[in-house]
Amino acid sequence: MRRHLISAADLSRDDALLILDTADELAKISERSIKKLPTLRGRTVVNLFFEDSTRTRISFEAAAKRLSADVINFSAKGSSVSKGESLKDTALTLEAMGADAVVIRHGASGAPHRLAGWVRGSVVNAGDGTHEHPTQALLDAFTMRRRLGSLDGRRVTIVGDVLHSRVARSNVLLLATLGAEVTLVAPPTLLPVSVGSWPCAVSYDLDAVLPKSDVVMMLRVQRERMNAAFFPTEREYSRRYGLDRDRVAKMHDDAIVMHPGPMNRGMEIAAEVADSPRSTIVEQVANGVTTRMAVLYLLLGGANLGGEDQ
Amino acid sequence: MSVKTSVTTVIKGARILGGEPADILIDGGVIAAVGPDLTGDETVEAAGLVALPGLVDLHTHLREPGREDAETVESGTRAAALGGFTAVHAMANTSPVADTAGVVEQVWRLGLAAGHCDVQPVGAVTEGLGGERLAELGAMADSAARVRVFSDDGKCVSDAVLMRRALEYVKAFDGVVAQHAQEPRLTAGAQMNEGAVSGRLGLTGWPAVAEEAVIARDCLLAAHVGSRLHVCHVSTAGSVEIIRWAKSKGWNVTAEVTPHHLLLTDDLVEDSPVGAYNPIYKVNPPLRTRADVEALRAALADGTIDVVATDHAPHPVEDKETEWAAAAMGMIGLETALAVVQEAMVETGLLDWAGVAERMSYAPARIGRLAGHGRPLEAGSPANITLYDPSVRAQVDPSSYASKSRNTPYEGRSLPGRVVATFLRGRATVLDGKLA
Amino acid sequence: MTDAVSRARDQIRGPAHAVLEGPDINRALIRISHEILERTKGGEDVVLLGIPTRGVHLARRLAEHIRQFEGRAVPVGSLDITMYRDDLRTKPARPLGRTDLPADGIDDRTVVLVDDVLYSGRTVRAALDALGDLGRPRAVQLAALVDRGHRELPIRADYVGKNLPTSKSEIVKVYLEENDGRDAVVLLKEGDK
């Protein structure tokens with residue numbers, strides 16, 4: 001493992017499997033009456049959130065606390081950041097406070113890379129702009145593995161706004177590393193022009209892909225995109241790319257439906273699909289804590305490796 | 001203002017445009033003679049050095065007035081002299097914008113006072129670079145600054161009617177509109193070249209077509225109204241094709257390329273020694289692909305692109321030590337321009353030193369209508385001379401730069417060559433690599 | 001010792017000094033099984049928890065012996081102590097071993113922790129902390145195949161296969177069939193591998 005987790009591309013196959021195996025062990029902790037381990041006692045984890053994302057912040061906070069780390073929540077709203085303090089000054093402040101790890105959520109792609117150049121501790125990317133969200137991909141892979149076993153050769157279909165999705169980028173990279181076959185399905189306007197160079201297949205036809213899929217992951221589609229002419233209307237989007245009961249009927253019996261949340265019920269996913277037994281949406285939330293515990297343990301649980309990979 | 005001296009200077013043994021060694025005798029700010037065994041009151045040893053006509057930059061941001069924290073006319077022209085330049089065109093996107101005779105004259109006077117090189121102000125095409133109403137182009141042309149190049153650089157004159165009018169209007173005083181070609185709707189929020197790297201990095205793409213579409217339109221407009229068009233900082237292979245086509249029609253279109261677009265590519269944003277997403281590589285237009293770089297080099301070699309212009313764009317540290325999207329766009333370039341051109345064009349065999357002189361002195365002076373610059377190194381020409389040692393190679397160390405800003409993308413990179421001396425009308429502005 | 005004798009010993013034992021061979025290990029485990037039965041009044045309420053990796057195999061063997069003597073199964077599990085170690089910061093983060101508790105848990109049971117080598121006592125300290133987070137046993141005992149001395153904490157074993165005086169510069173390696181393809185306890189000098 002490297003010192004930081006910024007991109008799913010930072011993870012070798014062995015790294016990724018180590019995280020998932022570690023998460024498998026740690027999952028048992030949440031079944032015990034005492035859900036706490038002493039492992040990161042005395043270590044400080046800062047949750048540095050420049051965007052509102054209560055669910056991700058709480059997930060990281062629970063993960064760090066279950067490992068006995070001290071957690072400092074630094075929300076950009078109402079802090080010196082909103083008064084114009086630069087990311088670098090914020091980084092130096094965290095450094096002075098002795099942060100062993102900084103979990104950063106930022107609206108600008110690449111902000112965690114910049115932060116990693118300014119702090120000594122580990123940087124964990126909790127979502128940067130339209131770039132990546134590697135712990136989401138790890139928890140998704142963890143969820144798939146629990147339902148389906150090994151991901152080698154599994155066919156995963158990711159549907160929706162790939163262009164603006166950090167979840168899609170991290171998932172494509174991690175799933176390719178783990179040997180799954182990924183197909184992206186979206187209107188062409190919501191795919192990067194260079195998607196052909198990604199380690200995955202691309203289709204514009206959801207109905208053709210569904211019967212062959214072991215996993216169908218629906219991405220959130222923001223209604224603002226409609227105003228920028230990425231698609232004409234919600235109704236048309238939903239008709240062509242939404243997952244409703246009729247489409248689910250085309251999936252094979254063991255195939256699962258995933259969504260990173262928050263969902264637009266009735267837009268990209270029908271309510272009855274989201275609440276069906278195929279849906280892993282609630283498991284994904286629980287698995288998020290476990291997976292993030294594994295990441296924090298593997299980054300912080302050992303010797304401080306200094307800047308060896310920087 | 002330089003005081004004419006009666007002292008004569010002889011430059012001994014310089015290779016004029018890289019040719020055989022010869023002496024250059026300077027008297028009264030003018031080249032008095034070129035030949036063997038000349039003598040003068042003072043001697044500058046130039047054995048092994050290449051003598052070039054003083055370089056002329058068509059595209060410099062001196063930032064004064066308004067952003068004196070980034071650069072001033074004084075510091076920027078020091079950097080220019082150290083880079084071998086004897087004249088620079090100061091872009092209009094200052095604060096206030098250089099859109100009146102008053103502002104262009106202020107910049108021109110600051111240049112005179114500094115005395116390191118001639119400062120030729122560029123006038124804004126539209127009021128406040130707003131893209132809505134023409135600025136008083138004639139007043140700027142008629143001012144003491146004698147403005148001939150007009151540009152909204154930093155912004156595109158995207159309105160087709162306004163661009164047509166500007167192209168037509170400047171014909172009255174032999175002006176030229178230098179267009180920053182960037183279709184604004186196609187580049188809303190754009191961060192870097194749209195391609196494989198932007199897709200992976202999740203940075204909003206800046207498509208080549210946003211530049212090419214405007215260049216195509218402007219070439220057609222220039223042809224239609226019979227005016228001169230200059231295209232700033234061409235960055236894509238497609239733009240090269242369009243300009244080549246326009247020139248083949250005999251239209252009066254010229255174009256420039258920056259040194260950084262001749263050397264650097266967009267993959268540096270993802271993978272470089274200074275880390276991913278380092279805004280030191282954030283520039284407008286963005287760094288493009290290897291194929292674009294190859295096309296730009298070929299176009300500069302075959303004359304499709306007329307000029308190398310630095311687009312020297314100083315920014316203070318705090319505007320670059322940020323997350324990518326928040327960072328300012330631009331790179332400094334005056335002090336590395338000749339080195340980068342040597343690396344990209346001369347070392348590769350694409351240009352000889354005569355070709356460099358054409359593209360960095362003669363052509364920019366012609367396009368900017370600078371009568372006293374871009375003259376061949378022969379008797380009777382103003383003694384604007386750059387002495388350059390192409391045989392050395394060193395690591396770029398920005399701490400030594402005269403520019404107030406340090407936003408060079410070449411820090412730590414090894415580049416060839418060294419400007420040894422610069423003469424502005426016979427007076428040394430740089431000697432032995434230092435300001436004289 | 002004559003050269004001939006030394007050579008003969010090397011041929012038998014190899015260059016590293018094997019202090020226990022397969023049959024020795026087997027005898028020791030049988031003896032420990034009997035001792036556990038004696039000390040726990042027939043093994044009532046006993047849970048054997050092996051500390052990964054080799055402690056788990058030893059715990060299973062002990063359970064098998066007890067089953068043979070008494071005709072009933074003793075619950076066996078594993079207890080990974082990685083997350084409770086006090087030396088985590090000396091090495092890169094370690095992969096976790098498995099923790100598997102028997103279905104009935106450990107509350108009010110007599111837990112016998114099983115490890116291959118008892119040395120500083122720090123592993124056992126970590127195991128006691130881990131146990132405390134998992135439940136409340138009535139009593140905790142410790143079985144070790146080898147006790148090599150040099151305790152750094154006030155901890156002792158209830159059942160020991162062999163007391164092995166060592167110097168701190170020596171390394172005790174336990175090989176078990178399940179893991180290593182053979183049974184042996186070997187004493188290595190520093191630098192031997």
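**Figure 1. Chains B and C keep apart in this predicted model.** Chain B and chain C do not touch, and their nearest C-alpha atoms sit 24 Å apart. Which chains, then, have the most contacts? Of the 2 pairs of chains that touch, A and B have the most contacts between them. Chain A also meets chain C, in a contact that is shown in a later view.

**Figure 2. Here is where chain B meets chain A.** Chain B puts 18 residues into this contact, and chain A puts in 22. On the chain B side, helix H5 (residues 196-201) of chain B gives the most, with 3 residues. What kinds of residues make up the side of chain B that touches chain A? That side divides into 8 nonpolar, 6 polar and 4 charged residues.

**Figure 3. Here is where chain C meets chain A.** This contact draws 16 residues from chain C and 17 residues from chain A. Looking at classes, the side of chain C that touches chain A has 8 nonpolar residues, 2 polar ones and 6 charged ones.

**Figure 4. Chain A on its own has 12 helices and 9 strands.** Taken along the principal axes, the C-alpha atoms of chain A fill a box of roughly 55 × 45 × 35 Å. A compact globule with 310 residues would have a radius of gyration near 19 Å, and chain A agrees with that, at 19 Å. UniProt, in an unreviewed entry, places the feature "domain: Aspartate/ornithine carbamoyltransferase Asp/Orn-binding" at residues 153-299 of chain A. Over residues 153-299, chain A is 37% helix and 14% strand. The C-alpha atoms at the two ends of that stretch are 29 Å apart.

**Figure 5. Five strands of chain A line up in an open sheet.** Reading across the sheet, the order of the 5 strands is E7-E6-E5-E8-E9 (chain A), and the pairing is parallel. In general, strands of a sheet pair through backbone hydrogen bonds, either parallel or antiparallel. Which strands stand at the edges? They are strand E7 (201-203) and strand E9 (256-258) of chain A; each has a single partner strand, so one side of each is left without a neighbour in the sheet. On average, and ignoring direction, neighbouring strands of this sheet are turned by 20° against each other.

**Figure 6. Zooming in on the sheet, strand E6 pairs with strand E7 in chain A.** Strand E6 (residues 181-185) of chain A is joined to E7(A) by 3 bridges, and the two strands run parallel. To find one of these pairings, look for Leu184(A): its bridge partner in E7(A) is Val202(A).

**Figure 7. Two helices of chain A, H5 and H12, pack against each other.** Helix H5 (residues 134-148) and helix H12 (residues 281-300) of chain A meet at an angle of about 115°, and their axes are 8 Å apart. Is the crossing of H5(A) and H12(A) left-handed or right-handed? The crossing of these two helices is right-handed. On the H5(A) side, the residues in contact are Thr135(A), Leu138(A), Leu139(A), Asp140(A), Phe142(A) and Thr143(A). Across from them, H12(A) supplies Glu283(A), Gln284(A), Asn287(A), Gly288(A), Thr291(A), Arg292(A) and Val295(A). Sorted by class, the residues of the contact of H5(A) with H12(A) come to 4 nonpolar, 6 polar and 3 charged.

**Figure 8. Chain B carries 11 helices and 19 strands.** The box that the C-alpha atoms of chain B fill is roughly 60 × 50 × 45 Å, taken along the principal axes. For 436 residues, a compact globule would have a radius of gyration near 22 Å; chain B has 21 Å, which agrees.

**Figure 9. Chain C mixes 5 helices with 8 strands.** Starting from the N terminus, its elements run α-β-α-β-α-β-β-α-β-β-β-α-β. The radius of gyration of chain C is 17 Å, close to the 16 Å that the globule rule gives for 193 residues, so chain C is as compact as a globular protein of that length. Its C-alpha trace spans about 60 × 45 × 30 Å along the principal axes.

**Figure 10. Two UniProt annotations fall on chain C.** The annotation "domain: Phosphoribosyltransferase", from an unreviewed entry, covers residues 18-177 of chain C. Over residues 18-177, chain C is 31% helix and 25% strand, with the end C-alpha atoms 15 Å apart. The annotation "short sequence motif: PRPP-binding", also from an unreviewed UniProt entry, covers residues 111-123 of chain C. How much of residues 111-123 of chain C is helix, and how much is strand? This stretch is 15% helix and 62% strand, and its end C-alpha atoms are 16 Å apart.

Conventions
Residues are numbered from 1 along each chain as its sequence is written. Chains are lettered from A and ligands numbered from 1 in the order in which they are written. This is a predicted model: local features need pLDDT of at least 70, side-chain atom pairs count only at pLDDT 80 or more; totals for chains, interfaces and linings use all residues. UniProt positions are given in the numbering used here, feature names are shortened, and annotations may be inferred rather than shown by experiment. Helices (H or I, at least four residues) and strands (E, at least two) are DSSP runs, numbered from the N terminus. Axes are lines fitted to C-alpha atoms, for helices over the stretch in contact, and angles run from 0 to 180 degrees between N-to-C directions. A crossing is left-handed if the near helix is turned anticlockwise from the far one by less than a right angle, and right-handed if clockwise. Two residues are in contact if their C-beta atoms, placed from the backbone, lie within 7 Å. Ala, Val, Leu, Ile, Met, Phe, Trp, Tyr, Cys and Pro count as nonpolar, Asp, Glu, Lys and Arg as charged, and the others, Gly among them, as polar. Two strands pair if DSSP finds at least two bridges between them. The radius of gyration is taken over C-alpha atoms; the globule rule is 2.2 Å times the number of residues to the power 0.38.
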